[in-house]
Amino acid sequence: MPEGPTVRRFCSLVSPFVGQQVVKVGGRTKQIALQDLMGQWIQECQVHGKNLYVAFGSDVRHKAPSANIQELDDDHSKKESVDVSVTTTSPDDLGPWENEEASPRCKWLRFHFGLYGSIRVNELARARQGNKKGDWKDPTPRLILHFSAGGFLVFYNCRILWCSSPHVEPTCDILSLDFDKEKALRALSGPRPVCISLMDQRHFSGVGNIIKNEILFLAQVHPLSLGSLLPADTLRAVIDHAISFTARWLRIKMQREPLHYSIYMKELCPKGHKVVKETIGPPRGLQRLTWYCPTCQERVQPEERA
Ligand SMILES: [Zn+2]
C-alpha cells in the first residue's frame with residue numbers, strides 16, 4: 001500500500017502541473033463526474049497522511065482570498081463580502097466561523113491509493129505479466145488529465161472524492177462521503193439555535209452563511225428554533241438538505257453556472273411572503289445576517305414541544 005512517503009512522491013509528480021489547465025479528461029472512475037474537471041486549473045497539491053489532495057479552480061492560481069470573494073460574490077452586497085474570510089491552506093484558519101462557504105470555493109479532490117494505486121506522468125502503465133488466461137492487459141486508468149501545455153497525468157487504482165479541505169476530518173466535512181450524519185445530528189440537537197449550530201465548523205465543516213440560510217428554508221425550520229426542541233426527523237431533514245445543497249452547489253460552481261437562491265438576500269420567499277433579515281450569532285461570536293420567512297419557517301417555542 002502506498003504509504004505517506006510514496007504519496008509524497010506522487011505529490012511531487014503532480015506539482016509541476018500546478019498552474020496548468022485541464023483540456024481533456026478521461027478514465028474509468030465513476031466516483032466523480034469527469035466533465036467537472038474540464039477547463040479547471042490545478043491550484044496546488046498537498047499530502048496528509050496517505051491521502052493526496054489536489055485543488056482545482058476555474059482560473060489560474062487564485063489563492064488570494066479577496067480575489068476568490070470577488071469572483072464568487074459579485075452579485076452580493078459589499079456588507080456580506082467583507083465579513084467573510086476564505087482559507088484554503090492554513091489549518092489555523094479553519095476554526096469555527098472562519099472558512100465561510102469553503103466547500104464550493106475550495107474544490108479539492110482527495111485521492112486514496114488503496115493497495116496498488118499509483119500515478120504516471122506522460123505515460124500509461126503497461127502490463128508486466130500476463131493474467132491467468134495468458135492475456136497481457138494493460139491496467140485501466142481511473143483518471144487521466146491532459147493539460148494545455150501538452151503533458152498528462154494518469155491515476156491508477158485510487159479512490160477519488162471531492163472534499164472541502166485537506167485539513168478537515170472527513171466525518172465532519174459536509175462534502176465528504178464519510179460525513180457522519182449521526183454525529184451531525186447530535187451536534188444539531190443541542191439547546192442552541194439551529195442557525196448557530198450549523199455554522200460550527202467543528203461539526204459542519206464547509207457550511208457557510210449562504211448554505212445555512214438556504215437549507216433552513218428548504219427544511220422549513222426557523223433559524224432561532226432550538227435544536228433541542230425540534231423532532232429528530234426535522235433535524236435529519238436539515239442535514240440531508242445541507243448535504244444535497246452543498247453537492248449541487250459544488251457541481252454548479254464547477255460548471256461555472258450561477259446558483260439561484262430561495263431565501264438568501266431575497267425580499268420575498270418563493271411563495272411571496274415577506275422575508276425577514278436579522279443579524280444572529282453566538283453571544284461573543286461573529287454575528288451573521290440571516291434571512292428567513294416567518295410564515296414558511298415557523299419558530300418552535302418551548303411550550304409547543306411535541
Ligand atoms: Zn414563505
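Colleague: Which residues of α7 are buried?

Modeller: This is a predicted model. In it, α7 spans 209–218. Its buried residues are Asn209, Ile210, Ile211, Lys212, Asn213, Glu214, Ile215, Leu216 and Phe217.

Colleague: How many residues of α7 are buried, out of how many?

Modeller: Buried means under 20% relative accessible area. By that cut-off α7 is largely enclosed by the rest of the structure, because the buried count is 9 of the 10 residues.

Colleague: Which residue just after α7 takes a positive phi?

Modeller: Look just past the end of α7. The phi there is about 55 degrees. The residue is Gln220.

Colleague: Which element gives the most to the largest nonpolar core?

Modeller: That core has 39 residues, and Leu188, Phe204 and Val238 touch the most other members. At least two residues each come from α5 (181–188), α6 (194–197), α7 (209–218), α8 (232–254) and β10 (288–292). With 7 residues, the element that gives the most is α8.

Colleague: What does Val238 touch, not counting residues up to four places away in sequence?

Modeller: Val238 is one of the three residues that touch the most other members of the largest core. Its contacts, with those sequence neighbours set aside, are Leu188, Leu198, Ile215, Leu216, Ala219 and Val221.

Colleague: How many residues are in the second, separate core?

Modeller: Val14, Leu143, Leu153 and Cys158 are among its members. The count for this second core is 31 residues.

Colleague: Are α5 and α8 roughly parallel or oblique to each other?

Modeller: Their axes lie 10 Å apart, at an angle of about 120 degrees. Angles of 65 to 115 degrees count as roughly perpendicular, and over 145 as roughly antiparallel. The angle of this pair falls in neither range, so α5 and α8 are oblique.

Colleague: What is the handedness of the crossing of α5 and α8?

Modeller: The pair packs with axes 10 Å apart. As α5 passes α8, the crossing is right-handed.

Colleague: How do the residues of the contact of α5 with α8 divide into nonpolar, polar and charged?

Modeller: From α5 come Lys181, Glu182, Ala184, Leu185 and Leu188. From α8 come Ala232, Leu235, Arg236, Val238, Ile239, Asp240 and Ile243. The division is 8 nonpolar, no polar and 4 charged.

Colleague: Does Ser176 count as buried or exposed?

Modeller: Ser176 sits in the loop between β8 (159–163) and α5. Beyond its neighbours within four places in sequence, Ser176 is in contact with Arg110, Trp162 and Pro170. Its relative accessibility is 5%, so Ser176 counts as buried.

Conventions
Residues are numbered from 1 along each chain as its sequence is written. This is a predicted model: local features need pLDDT of at least 70, side-chain atom pairs count only at pLDDT 80 or more; totals for chains, interfaces and linings use all residues. Side-chain values use heavy atoms; hydrogens and water are left out. A nonpolar core is a set of buried Ala, Val, Leu, Ile, Met, Phe, Trp, Tyr and Cys residues joined through side-chain atoms within 4.5 Å. Buried means under 20% relative accessible area, exposed over 50%, partly exposed in between (1.4 Å probe, protein chains only). Helices (H or I, at least four residues) and strands (E, at least two) are DSSP runs, numbered from the N terminus. Contact means heavy atoms within 4.5 Å. Axes are lines fitted to C-alpha atoms, for helices over the stretch in contact, and angles run from 0 to 180 degrees between N-to-C directions. Angles under 35 degrees count as roughly parallel, over 145 as roughly antiparallel, 65 to 115 as roughly perpendicular and the rest as oblique. A crossing is left-handed if the near helix is turned anticlockwise from the far one by less than a right angle, and right-handed if clockwise. Ala, Val, Leu, Ile, Met, Phe, Trp, Tyr, Cys and Pro count as nonpolar, Asp, Glu, Lys and Arg as charged, and the others, Gly among them, as polar.
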